[in-house]
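Colleague: I'd like to learn how to read a protein model like this one. Could you walk me through it, feature by feature?

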Amino acid sequence: VLFRSEDLARLLDAGALDSFDTNRARLFWQCSRVPVHAEDLFTNQLAVRRPVVPADLTSPGPADRAAREITMLGFPHSLDPFSHFGPDLDWDKYCPLARLHRHRGRSVMVAGLIVQSRRTHTLKGAVMFFGTLADPSGFAEFTVFPPVYRRCGHLLERGGVILLHAEVEPFDNHRGQNLMVNRVWRADAT
């Protein structure tokens with residue numbers, strides 16, 4: 001199987017070939033000058049067929065690498081996403097998700113990144129939102145019911161750190177908890 005150049009560029013931008021060379025600019029230059037077969041990647045033959053590389057190729061900086069990864073994957077994997085999306089956020093002001101079990105039955109303010117989500121419609125046609133939030137301490141499930149989604153749902157649709165005011169409710173089996181969201185803010189809007 002011969003890779004098309006646009007497919008190789010996507011793999012390079014996503015960081016999928018970083019194990020061959022951490023300098024993505026140099027690797028892109030090398031791959032663009034020789035035919036690359038799929039088996040070359042898996043047998044490490046890419047290194048054998050490399051042309052000589054100009055010495056002045058510099059790899060993109062961390063911010064540029066992260067931007068390309070976000071474009072390709074929806075998240076950056078080469079850096080800490082909390083530092084990237086919330087560099088000025090004082091995480092200590094919010095309840096860590098790993099400590100939600102201490103606040104069951106109470107309201108909390110949490111901050112984090114949505115790492116998984118889905119929308120569904122109620123029998124009456126209203127939209128509900130379910131998601132998984134991540135912060136530096138862990139993960140938590142959250143639910144946004146239709147009245148809150150109508151007011152704040154648009155804030156859940158972009159990337160970046162969000163703030164949630166929510167009630168902590170234990171799962172029926174008491175092996176975790178869910179955040180029942182009352183209000184949503186964008187961290188960059190505070």
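**Reading the model together**

Modeller: Gladly! Let's begin with a place where two helices touch: Arg10, Asp13 and Ala14 in H1 meet Arg68, Glu69, Met72 and Leu73 in H4. Keep in mind that this is a predicted model.

Colleague: What kinds of residues make up the contact of H1 with H4, by count of nonpolar, polar and charged?

Modeller: That contact divides into 3 nonpolar residues, no polar ones and 4 charged ones.

Colleague: And how do I describe the way two helices pack?

Modeller: Two packed helices are described by the angle between their axes and the distance between the axes. Here, helix H1 covers residues 5-14 and helix H4 covers residues 62-73; their axes come within 8 Å and cross at roughly 120°. Because of that angle, H1 is oblique to H4. The angle falls outside the range of 65 to 115 degrees that counts as roughly perpendicular, and it is not over 145, where roughly antiparallel begins.

Colleague: Let me step back for a moment. How many helices and strands does the protein have, and in what pattern do they follow along the sequence?

Modeller: The protein has 6 helices and 5 strands. Along the sequence they read α-α-α-α-α-β-β-β-α-β-β.

Colleague: What share of the residues is buried, and how much surface does the protein expose?

Modeller: Of its 190 residues, 39% count as buried. The exposed area is about 11,100 Å², and carbon and sulfur atoms supply 55% of that. You can also look at contacts along the chain: among those with a separation of 6 or more, 51% join residues 24 or more positions apart.

Colleague: Could you show me burial on single residues, say Leu8 and Ala9?

Modeller: Good pair to try! Leu8 is found in helix H1, and Ala9 lies in helix H1 as well. For the reasoning we need the cut-off: buried means under 20% relative accessible area, and exposed means over 50%. Leu8 has a relative accessible area of 4%, so Leu8 is buried. Ala9 reaches 22%, and therefore counts as partly exposed.

Colleague: How far apart are these residues and Phe28, in sequence and in space?

Modeller: Ala9 and Phe28 are 19 residues apart in sequence, with their C-alpha atoms 7.0 Å apart. For Leu8 and Phe28 the separation is 20 residues in sequence and 8.0 Å from C-alpha to C-alpha.

Colleague: Now the strands, please. How do I read a sheet?

Modeller: Strands of a sheet pair through backbone hydrogen bonds, either parallel or antiparallel. In this model, 5 strands close into a barrel in the order S1-S2-S3-S5-S4, with mixed pairing. Neighbouring strands of this sheet are turned by 50° against each other on average, direction ignored.

Colleague: Which strands in that barrel run parallel?

Modeller: Strand S3, residues 138-144, and S5 run parallel and are joined by 3 bridges. If you want to find one on screen, the partner of Phe142 in S5 is Leu179.

Colleague: And where do I find antiparallel pairs?

Modeller: Strand S4, residues 162-170, pairs with S5 in the antiparallel sense over 9 bridges. There, Leu164 has Val184 in S5 as its bridge partner. On another side of Leu164, Val110 stands opposite this residue. Strand S1, residues 107-121, also pairs with S4 in the antiparallel sense, over 6 bridges, including one between Ala111 and Leu163. S1 and strand S2, residues 127-135, make an antiparallel pair with 8 bridges; in S2, Leu133 is the bridge partner of Ile114.

Colleague: Is strand S5 mostly covered or mostly open?

Modeller: Mostly covered: strand S5 spans residues 177-186, and 7 of its 10 residues are buried.

Colleague: Last one. What should I look for in the hairpin turns?

Modeller: Check the phi angles. In the hairpin of S1 and S2, with 5 residues between the strands, Gly125 takes a positive phi near 90°. The hairpin of S4 and S5 has 6 residues between its strands. In the loop between S4 and S5 you will find His174, which has a positive phi of about 60° although it is not a glycine. His174 has a relative accessible area of 54%, so this residue is exposed.

Note on methods:
Residues numbered from 1 in each chain as written. Predicted model: local features only at pLDDT ≥ 70, side-chain atom pairs only at ≥ 80, totals over all residues. Heavy atoms only, no water. Axes fitted to C-alpha atoms, helices over the stretch in contact; angles between N-to-C directions. Helix = DSSP H or I, 4+ residues; strand = E, 2+ residues; numbered from the N terminus. Parallel < 35°, antiparallel > 145°, perpendicular 65-115°, else oblique. Contact = heavy atoms within 4.5 Å. Nonpolar A, V, L, I, M, F, W, Y, C, P; charged D, E, K, R; others polar. Buried < 20%, exposed > 50% of the residue type's maximum accessible area, 1.4 Å probe, protein only. Areas by Shrake-Rupley, 256 points an atom, 1.4 Å probe, with all protein chains shown as cover. Pairing = 2+ DSSP bridges.
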